[in-house]
Amino acid sequence: MGALLLHGGEVYDPRSGGSHGGRRPADVLLVGGRVAAVGTNLEVPDGGDARDCSGLVVAPGLVDLHTHVFVGQDLGVDPDVVGPPAGTTTFVDTGSAGAHLFGAFRRGTIDRAGSRVRAFLNIASIGATSILLAGELETLAYADEDVCIAGAREHADRVIGIKVRASGNVVGRSGAEPLHRARRVADRLGLPLMVHLGPAPPGSDEIMATLRKGDVLTHCYTGFEDNRLSVGGRVRESVLEARQRGVVFDVAHGMSAFDAEVASEMLAAGFRPDTISSDVHAYSLDAVGDLPTVMSKFLALGLGLDEVLACATYAPARHAGLAAEGVGTLDVGAPADVAAFELVEGPVAYADTRGGTFHGRRRLRTALTVRAGVIVHEALKEGRQ
Ligand SMILES: [Zn+2]
């Protein structure tokens, strides 16, 4: 963990410039696992290493707000395998583990991974295990409030919120009861609540009524006919009110939650995502690709480069409570987590998760990933040093 100079790039700083940050030509110097300086004509200290980042966008390492990285569980992918080629250095696991498996998740993955891992704890003690067989909330007894609270308190340094998959295919006959239990648990702990949107019940209006400032609605562009957030080109009133209150709307592409028509309709109505996440897991890898691909889909849908970068760096870090320690930023003193991207020009075809296709003109390709000051992925063009 010596010194590393990334020179000649176009540095994206989420905290400068416009509302989504800004880009400027600069060098980034990393020393001792921290950002030491961002500026022009920086020199690499003796014995340090350097990389030429000309032609690349140099950004904070990506922060993926919706993932499943409980290694060894059926959904789990290894963050240290999928992270480096994507440029993702921070993973927020969203309910893979409940209270009764969190110790295993922690010992096997969180404490061992090179990637930073934080988690929303599932209201169901069994977590999101074996989801292709049955929903974890069909048996309501697993949604025990005291058990969930005890687990969150035991792992308070890693649990950043409570997750509930409040949809008909998960809750069975439990209806909205798991949603209300998760609400009470989050309130007792003083943590945010993340609610996944899928087929009803509960209906989206009931979900919105449950959410408060700082809570996260994930899978916001889902296309389930009975529960989509826009109808006939209009975003539901309850959704607009929730945004007004400060509820966070997260993409979480996944294997079935990204409908390009719904996304286009909502974007045309001015309803932009607060955060862009992948919902990467063992069953969604093919549909998702990686987080830069999901970000590139939003470039294709008309968002600007600064905005998609903000939505996958500082914004999720802030909503995960990690921005205060510099995650998702290139502030001096921040963790030396950096990703450099090439913006590849040229036509690209995309699929959504409902069989739809759409086209873009450019895409992000991860060229370099640095985690805690160490290069963990390098795909620079030939001849660069
Ligand atoms: Zn998920």
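Modeller: Two strands count as paired if DSSP finds at least two bridges between them. One more point before we start: this model is predicted.

Biologist: How many residues does the hairpin use to join β1 to β2?
Modeller: β1 covers residues 3–18 and β2 covers residues 21–31. The two strands pair in the antiparallel sense, over 10 bridges. The hairpin passes from β1 to β2 through a link of two residues.

Biologist: In β2, which residue is the bridge partner of Asp13?
Modeller: β1 and β2 run antiparallel. Look across from Asp13 into β2: the bridge partner is Gly22.

Biologist: Over how many bridges do β2 and β3 pair?
Modeller: β3 spans residues 34–39. Val31 stands opposite Arg34 of β3. The pairing of β2 with β3 is antiparallel, and the count is five bridges.

Biologist: Which residue in the turn between β2 and β3 has a positive phi?
Modeller: β2 and β3 form a hairpin, with two residues between them. One residue in this turn has a positive phi of about 60 degrees: Gly32.

Biologist: Which residues coordinate the zinc ion?
Modeller: Donor distances run from 2.1 to 2.4 Å. That is inside the 2.8 Å cut-off, so these atoms count as donors. Along the chain the donors follow the spacing H-x1-H-x210-D. By atom, they are NE2 of His66, NE2 of His68 and OD of Asp279.

Biologist: How many residues apart are His68 and Asp279?
Modeller: His68 sits in the loop between β6 (62–67) and α1 (79–86). Asp279 sits in the loop between α8 (260–268) and α9 (285–288). The pair links distant parts of the chain, and the separation is 211 residues.

Biologist: Is Asp279 buried or exposed?
Modeller: The limit for burial is under 20% relative accessible area. His68 has 4%, so this zinc ligand is buried. Asp279 has 6%, so Asp279 also counts as buried.

Biologist: What is the phi of Asp279?
Modeller: Most residues other than glycine have a negative phi. Asp279 is not a glycine, yet its phi is positive. The value is about 55 degrees.

Biologist: Where is Ala372 found?
Modeller: Ala372 is another non-glycine residue with a positive phi, of about 50 degrees. At 33% relative accessibility, Ala372 is partly exposed. Its place is the loop between β16 (357–371) and β17 (374–378).

Biologist: What is the omega of the peptide bond from Pro201 to Pro202?
Modeller: Most peptide bonds are trans. The bond from Ala200 to Pro201 is cis, with omega near -5 degrees. Pro201 lies in the loop between β10 (193–196) and α6 (204–210), and Pro202 is found in the loop between β10 and α6. The bond from Pro201 to Pro202 is cis, and its omega is near -5 degrees.

Biologist: Which residues make the nonpolar surface patch of about 270 Å²?
Modeller: Patch members need over 30% relative accessible area. Tyr283 meets that at 35%, which means it is partly exposed. Tyr283 lies in the loop between α8 and α9. The members of the patch are Leu132, Met255 and Tyr283.

Biologist: How many residues apart are Asp337 and Arg116?
Modeller: The side chains of Asp337 and Arg116 meet in a salt bridge, at 2.9 Å from N to O. Asp337 is in the loop between α12 (314–319) and β15 (338–351), while Arg116 is in strand β8. Both residues are buried. Along the chain they are separated by 221 residues.

Biologist: Is Glu145 buried or partly exposed?
Modeller: Glu145 forms a salt bridge with Arg184, with the closest N and O atoms 2.8 Å apart. The bridge links helix α5, which holds Arg184, to helix α3, which holds Glu145. Arg184 is partly exposed at 39%. Glu145 has 18%, under the 20% limit, so it counts as buried.

Biologist: By about how many helical turns are Glu177 and Arg181 separated?
Modeller: Glu177 and Arg181 form a salt bridge, with the closest N and O atoms 2.9 Å apart. Glu177 is partly exposed at 27% relative accessibility. The two residues are four apart in helix α5, so their separation is about one helical turn.

Biologist: What is the count of salt bridges?
Modeller: The rule takes a side-chain nitrogen of Lys or Arg within 4 Å of a carboxyl oxygen of Asp or Glu. The pair Glu177 and Arg181, at 2.9 Å, is one of them. By this rule the count is 25.

Notes. Residues are numbered from 1 along each chain as its sequence is written. This is a predicted model: local features need pLDDT of at least 70, side-chain atom pairs count only at pLDDT 80 or more; totals for chains, interfaces and linings use all residues. Side-chain values use heavy atoms; hydrogens and water are left out. Donors are N, O and S atoms within 2.8 Å of the metal (3.2 Å for Na, K and Ca); water is not among the atoms, so sites may look incomplete. Buried means under 20% relative accessible area, exposed over 50%, partly exposed in between (1.4 Å probe, protein chains only). Patches are made of residues with over 30% relative accessible area and no salt bridge: like charges are joined within 9 Å, nonpolar side chains (Val, Leu, Ile, Met, Phe, Trp, Tyr) within 5 Å. Accessible areas come from the Shrake-Rupley method with a 1.4 Å probe; for residues, only the protein chains shown count as cover.
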